[in-house]
Amino acid sequence: MATLQESGNSSSTLKEWEFDVFLSFRGPETRYGFTGYLHKALCEKGIRTFMDLEDLISGNKIQQTFARAIESSRIAIVVFSEHYADTSFLLRELVKLLECSQRYGQFVLPIFYLVDPGDVRHQRGSYEKAMAVHEERFKDKAPIWRAALRDAANLSGLHYKGLVEHKCSYIVQG
């Protein structure tokens with residue numbers, strides 16, 4: 001298991017990584033396409049990758065499982081697709097990913113899959129619609145989620161518009 005010297009208090013501890021990569025994605029859009037191919041390519045290279053099971057039932061136990069997986073992953077790949085921001089679960093996940101990046105130095109790689117990075121950054125198009133709904137239901141959380149989307153979209157990332165299988169192999173090899 002890989003380790004990282006963790007800083008943050010006077011007595012340093014070691015951070016252990018259970019996974020090399022945590023995949024954050026909207027299942028209905030990319031599970032059997034881009035993200036599925038990416039997961040397969042990573043695993044074929046021996047990269048320990050956390051990808052959720054499609055039959056997960058939401059609830060506190062699932063949120064705790066994801067939080068532990070995020071905390072124990074060296075890298076997070078966020079696949080921003082058209083409806084990524086539709087679910088509050090993914091927005092909470094994104095906030096946790098960015099918190100862990102700050103706290104433990106984990107690397108976050110955004111991939112903009114068939115969406116413009118500016119639409120994520122400025123919450124335009126489907127992201128604007130999703131955030132309008134969230135502001136009605138989660139008034140206190142929406143500003144945090146907006147900031148997380150903006151911060152993640154400001155990170156250096158990859159923008160893909162097609163050729164799924166080829167591009168996933170490129171990410172893993174390149």
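Is F112 buried or exposed in this predicted model? F112 is buried, with a relative accessible area of 3%, and the legends below return to this residue after an overview of the chain.

**Figure 1. Overview of the predicted model, with its helices, strands and buried residues.** The protein chain is made up of eight helices and seven strands. Of its 174 residues, 44% count as buried. When contacts in the chain between residues at least 6 apart in sequence are considered, 72% of them join residues at least 24 apart.

**Figure 2. The open sheet of five strands, in the order β4-β3-β5-β6-β7.** The pairing throughout this sheet is parallel, and its edge strands are β4 and β7 (158–160), each of which pairs on one side only. Strands of a sheet pair through backbone hydrogen bonds, in either a parallel or an antiparallel arrangement. Strand β3 (residues 19–24) is joined to β4 (residues 49–50) by two bridges, whereas β3 and β5 (residues 73–80) pair over five bridges. Further across the sheet, six bridges connect β5 with β6, and three bridges connect β6 with β7.

**Figure 3. Strand β3 between its two partners, β4 and β5.** Six of the six residues of β3 are buried, so this strand is largely enclosed by the rest of the structure. On the side of β5, F19 stands opposite S73, while on the side of β4 the bridge partner of F22 is F50. Three of the phenylalanines named here recur in an aromatic cluster, which is formed by F19, F22, F50, F66 and F89.

**Figure 4. Strand β6 between β5 and β7.** Six of the seven residues of β6 are buried, and this strand is therefore also largely enclosed by the rest of the structure. Towards β5, L109 of β6 stands opposite I77; towards β7, Y113 stands opposite Y160.

**Figure 5. The stacked aromatic pair of F80 and F112.** A pair of aromatic rings is described by the distance of the centres and the angle of the planes. Over the whole structure, a search finds 10 aromatic pairs. In the pair formed by F80 and F112, the centres are 5.5 Å apart and the planes are at 15° to one another, an arrangement that counts as stacked because the angle is under 30 degrees. The pair links distant parts of the chain, with F80 in strand β5 and F112 in strand β6 (residues 107–113), 32 residues apart. F80 is buried, with a relative accessible area of 0%, and F112 is buried as well, at 3%.

**Figure 6. The largest cavity and the residues that line it.** Rolling a probe the size of a water molecule over the atoms shows where empty space is left. One cavity of 30 Å³ or more is counted in the model, and about 30 Å³ of space lies in the largest cavity. Its lining consists of F22, I70, S73, A76, L97, C100, S101, Q106 and V108. The elements that give two or more residues to this lining are β5 and α4 (88–104), and α4 gives the most, with three residues. By class, the lining has six nonpolar, three polar and no charged residues. Two of the lining residues, F22 and S73, have already appeared in the view of β3, where F22 has F50 as its bridge partner and S73 stands opposite F19.

**Figure 7. P117 and its contacts in the region of helix α5 (residues 117–121).** P117 lies in helix α5 and, at 17% relative accessibility, counts as buried because this value is under the 20% cut-off. Leaving aside residues up to four places away in sequence, P117 touches F112, A153 and H159; among these, F112 is the residue that forms the stacked pair with F80. P117 and H159 are 42 residues apart along the chain, yet their C-alpha atoms are separated by 7.4 Å.

**Figure 8. Helix α2 (residues 34–44) and the residue G46 just after it.** The buried residues in α2 are F34, T35, G36, L38, A41 and L42. An α-helix has 3.6 residues a turn, so residues three or four places apart point the same way. Just after α2, G46 takes a positive phi of about 80°.

Definitions and conventions. Residues numbered from 1 in each chain as written. Predicted model: local features only at pLDDT ≥ 70, side-chain atom pairs only at ≥ 80, totals over all residues. Heavy atoms only, no water. Buried < 20%, exposed > 50% of the residue type's maximum accessible area, 1.4 Å probe, protein only. Helix = DSSP H or I, 4+ residues; strand = E, 2+ residues; numbered from the N terminus. Pairing = 2+ DSSP bridges. Phe/Tyr/Trp six-rings, centres within 6.5 Å; stacked < 30°, edge-to-face > 60°. 1 Å grid on protein atoms, 1.4 Å probe; cavity = no way out; pocket = protein on both sides within 12 Å on 5 of 7 lines; lining within 4 Å. Points joined across faces, edges and corners; volume = space filled by probe spheres on them. Nonpolar A, V, L, I, M, F, W, Y, C, P; charged D, E, K, R; others polar. Contact = heavy atoms within 4.5 Å.
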